[in-house]
Structures are given as structure tokens and as C-alpha cells.
Amino acid sequence: KLSIALAMVARFLACLTALIAPALALHPARLAPRPLPCLMCVPAGFEEAWPQLLEIVDEEAADLALAVDDVAFARGKLSVLASGGVDDLVALNRRLSERLDDWEANAAVELPPYMLEVASPGVSDVLRSDADYAAFKGFGVQATLTEEYKKRTVHEGTLLGRDGEHVLLNLKGRVLKLPRELVAEVRLPSAKREKGDPY
């Protein structure tokens, strides 16, 4: 009886694989899902809606065979970074706008005011991924917060890294732990122009 049950399970799994495989082939982005978001870093106003919003972004991107690199909310802007061409990003922006409008209208979800921006990661001064924080450890950075912390909304120092709860800066030998839920962005300082520099 056990061998018969195992054979039936194996047959079921084979049929299931045959059904799913073509769908995965059409949507390679589904094969490389983004890491789960840090639940300690959910933007204020999105506490209940953030996980479902991320699912919506991933679904729409996967339907266009795009991979989502990052989703963030800061200063009233909902930023979606996805790898793809201009036409693909325009299509994703249109689909997300429609989907989020329908979601808010039909699911009784109340989101804070935001402007949707879909873009390619490209080269940016803003640190977003764990890889960015590891690559620029030891560099001078500027951290902008959504509200005052230690009586300031902007802190400058040497980047030490980040963990699940804090962004860590070195301020003249003193370690400053900025709560991640308050950090709007961390960026490298803009290049300073020297006198006589033609560029």
C-alpha cells in the first residue's frame, strides 16, 4: 500500500511539473525572486499594505519578464527599480498605476499620497541594496531621515554598514545607529568641483 501511495504521489508531482514548466519558461523573472523585504523597514503609512504591494509589483513585473531590484518609498515617491528596456519600464509603470488604483478602490486600502516612479537601477549615488552597503563601507555618506533623530534629519559620516534594524555610521570615532524605518535614503556625496575644472 505504501509503494502504491508513493507511486501516486510521484505521478501527481510529474503532472504538476509538466503543467508549471511552460509558465516558468515564459516568465524567467519568476525563477529569481527578490529577497524577502525587511519587515522592520516598512515605510510609515504602509504598515498593513506593504507586503501585498510588493506582491503586486512582483506579479506585474514577472508578467513582463522583468526582474525587480528594489521597491522603496521616500519623500512621497514610490520608487520601483527594475531591470529592462525603456519600453518595458513604461509598460510596467502603466500596469502598476492601473493595478494600484484598482487595488485602492476595491480593497478598501488607504495608502499615503505618493507619486509612482519606475526606473532602471543604472548608476546612482543612492545606496539601495546590501551589496551597495558592503561595497561602499568606509566611504563618506549622507543619510537623510523622514523625521528628526538625535535632533537632526540629515547625518553625515563614514558608512559602517547596515543590519536588519539600523544603518551604522562612524561620526568622528563614535558609532551612530540610525533606525532603518526612519532612513529615507543614504547617498554618496556629490563630487566636488575643483577651481579651474572645466567639467
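# Exercises on a predicted protein chain

Of the 199 residues in the protein chain, 31% are buried, where buried means under 20% relative accessible area, exposed over 50% and partly exposed in between, with a 1.4 Å probe and protein chains only. The model is predicted: local features need pLDDT of at least 70, side-chain atom pairs count only at pLDDT 80 or more, and totals for chains, interfaces and linings use all residues. Residues are numbered from 1 along each chain as its sequence is written, and side-chain values use heavy atoms, with hydrogens and water left out.

## Exercise 1. The chain as a whole

State how many helices and strands the protein chain has, and in what order they run.

Solution. Step 1: take helices (H or I, at least four residues) and strands (E, at least two) as DSSP runs, numbered from the N terminus. Step 2: the protein chain then has four helices and nine strands. Step 3: read from the N terminus, the order is α-α-β-β-α-β-β-α-β-β-β-β-β. Step 4: with contact meaning heavy atoms within 4.5 Å, residues 24 or more positions apart supply 53% of the contacts with a separation of 6 or more.

## Exercise 2. The three-stranded sheet

Give the strand order of the open sheet of three strands, and say which strands stand at its edges.

Solution. Step 1: two strands pair if DSSP finds at least two bridges between them. Step 2: the order is β1-β2-β3, with mixed pairing. Step 3: β1 (67–74) and β3 (115–119) are the edge strands; each has a single partner strand, so one side of each lacks a neighbour in the sheet. Step 4: on average, neighbouring strands of this sheet are turned by 15° against each other, direction ignored; axes are lines fitted to C-alpha atoms, for helices over the stretch in contact, and angles run from 0 to 180 degrees between N-to-C directions. Step 5: β2 (residues 77–83) pairs with β3 in the parallel sense over five bridges, and L78 stands opposite L116 in β3.

Step 6: add the helices. Helix α2 (residues 50–63) packs on the sheet and touches β1 and β2, its direction making about 145° with that of β1. Helix α3 (residues 86–106) lies across β2 and β3 and runs at about 150° to β3.

## Exercise 3. The surroundings of H155

Determine whether H155 is buried or exposed, and which residues it touches.

Solution. Step 1: H155 lies in strand β6 (residues 152–162). Step 2: its relative accessible area is 2%, so H155 is buried. Step 3: leaving out residues up to four places away in sequence, H155 touches V141, Q142, A143, L145, Y149, K150, L169, L176 and L178. Step 4: a polar atom of the H155 side chain lies 2.9 Å from the backbone oxygen of Y149.

## Exercise 4. Positive phi values

For A65 and K151, give the phi value, the place in the chain and the accessibility class.

Solution. Step 1: A65, a residue other than glycine, has a positive phi near 60°. A65 sits in the loop between α2 and β1 and is partly exposed, with a relative accessible area of 36%. Step 2: K151 is not a glycine either, and has a positive phi of about 70°. K151 lies in the loop between β5 (140–149) and β6 and counts as exposed at 77% relative accessibility.

Key. A polar contact is a pair of N or O atoms within 3.5 Å; within protein, one must be able to donate a hydrogen and the other to accept it, and residues adjacent in sequence count only if both atoms are side-chain atoms.
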